[in-house]
Amino acid sequence: MTELKERVAYLQGLADGLEISEQSKEGKLLLAVLDVLNEVADEMEGLADAQEDLEEYVDAMDSDLTDLEEEILGDEEDDDDDCCHCGEEYVEATCPNCGEVVCFDADILDDDELIEVICPVCESTVFVNDGEETSSSDEEEAEEEAEKEKE
């Protein structure tokens with residue numbers, strides 16, 4: 001920004017050297033344009049300083065956030081792309097609309113009530129349990145019957 005201010009100062013010096021007077025219409029116009037250019041250069045310098053301050057602030061926030069993440073999450077990294085890091089059982093389902101992986105409690109599968117799992121990104125339905133309790137023995141019997149019919 002100093003280059004811009006230097007160029008405006010050069011133009012002002014050039015106008016003084018050419019003895020442009022405010023007495024003529026053209027002189028008034030040129031001097032007014034130079035004054036506006038000087039103000040614009042000052043504003044640009046102020047904006048550049050503010051931008052630099054904001055960049056420093058954002059970098060400090062980023063560093064603090066990184067420190068906080070390391071403190072809270074520890075050394076856990078997403079090595080296995082598993083969104084469920086707790087000891088509880090979770091089920092992962094991929095949203096058919098946006099492809100987001102959504103985790104939900106495995107107990108929903110066995111719940112008697114009708115439950116819909118909604119994608120937090122696009123709010124489309126990811127999973128719906130049918131509201132009927134199913135047991136593993138019922139599923140095994142259904143599979144055995146299907147095998148017997150094949151024979």
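Helices here are DSSP runs of H or I with at least four residues, numbered from the N terminus. The model is a predicted one.

**The two helices**

Start with helix α2, residues 25-73. Gly74 follows α2 and has a positive phi, near 70°. The helix holds 49 residues, which at 1.5 Å a residue should span 72 Å. Its end C-alpha atoms lie 70 Å apart, in agreement with that figure.

Which residues of α2 are buried? They are Gly27, Leu31, Leu34 and Ala41. Part of their cover comes from α1, residues 2-17. An α-helix has 3.6 residues a turn, so residues three or four places apart point the same way.

Helix α1 has 16 residues. From first C-alpha to last it reaches 22 Å, close to the 22 Å expected at 1.5 Å a residue. After α1 comes Glu19, again with a positive phi, near 55°.

**A salt bridge between the helices**

The structure holds 1 salt bridge. Its partners are Lys5 and Asp42, whose closest N and O atoms are 2.2 Å apart. Lys5 belongs to helix α1 and Asp42 to helix α2, so the pair ties together parts that are 37 residues apart in sequence. How accessible are the two partners? Lys5 is partly exposed, with a relative accessible area of 25%. Asp42 is partly exposed too, at 37%.

**Two residues with positive phi**

Glu19 and Glu123 each have a positive phi in a residue other than glycine. The table sets them side by side.

| Residue | Phi | Loop | Relative accessible area |
|---|---|---|---|
| Glu19 | near 55° | between α1 and α2 | 68%, exposed |
| Glu123 | near 65° | between β3 (116-118) and β4 | 65%, exposed |

**An aromatic pair between strands**

A search of the whole structure finds 1 aromatic pair. Phe104 and Phe127 form it, and the pair is stacked. The centres are 5.2 Å apart, with 25° between the planes. Planes under 30 degrees apart count as stacked, so the 25° of this pair qualifies.

Where in the chain do Phe104 and Phe127 sit? Phe104 is in strand β2, residues 101-105, and Phe127 is in strand β4, residues 125-128. The pair thus links distant parts of the chain, 23 residues apart. Phe104 is buried, at 5% relative accessibility. Phe127 is partly exposed, at 23%.

**Two cysteines without a bond**

How many disulfides does the structure have? The count comes to 0. Why is Cys95 not bonded to Cys122? A disulfide needs the two sulfur atoms within 2.5 Å. The sulfur of Cys95 is 3.5 Å from the closest cysteine sulfur, in Cys122, so the gap is too far for a bond. Seen from the other side, Cys122 is in no disulfide, and its nearest cysteine sulfur is that of Cys95, 3.5 Å away.

The two cysteines can also be described by their accessibility. Cys95 is buried, with a relative accessible area of 3%. Cys122 counts as partly exposed, at 28%.

Definitions and conventions. Residues numbered from 1 in each chain as written. Predicted model: local features only at pLDDT ≥ 70, side-chain atom pairs only at ≥ 80, totals over all residues. Heavy atoms only, no water. Buried < 20%, exposed > 50% of the residue type's maximum accessible area, 1.4 Å probe, protein only. Helix = DSSP H or I, 4+ residues; strand = E, 2+ residues; numbered from the N terminus. Expected span 1.5 Å × (residues − 1). Contact = heavy atoms within 4.5 Å. Phe/Tyr/Trp six-rings, centres within 6.5 Å; stacked < 30°, edge-to-face > 60°. Salt bridge = Lys/Arg side-chain N within 4 Å of Asp/Glu carboxyl O.
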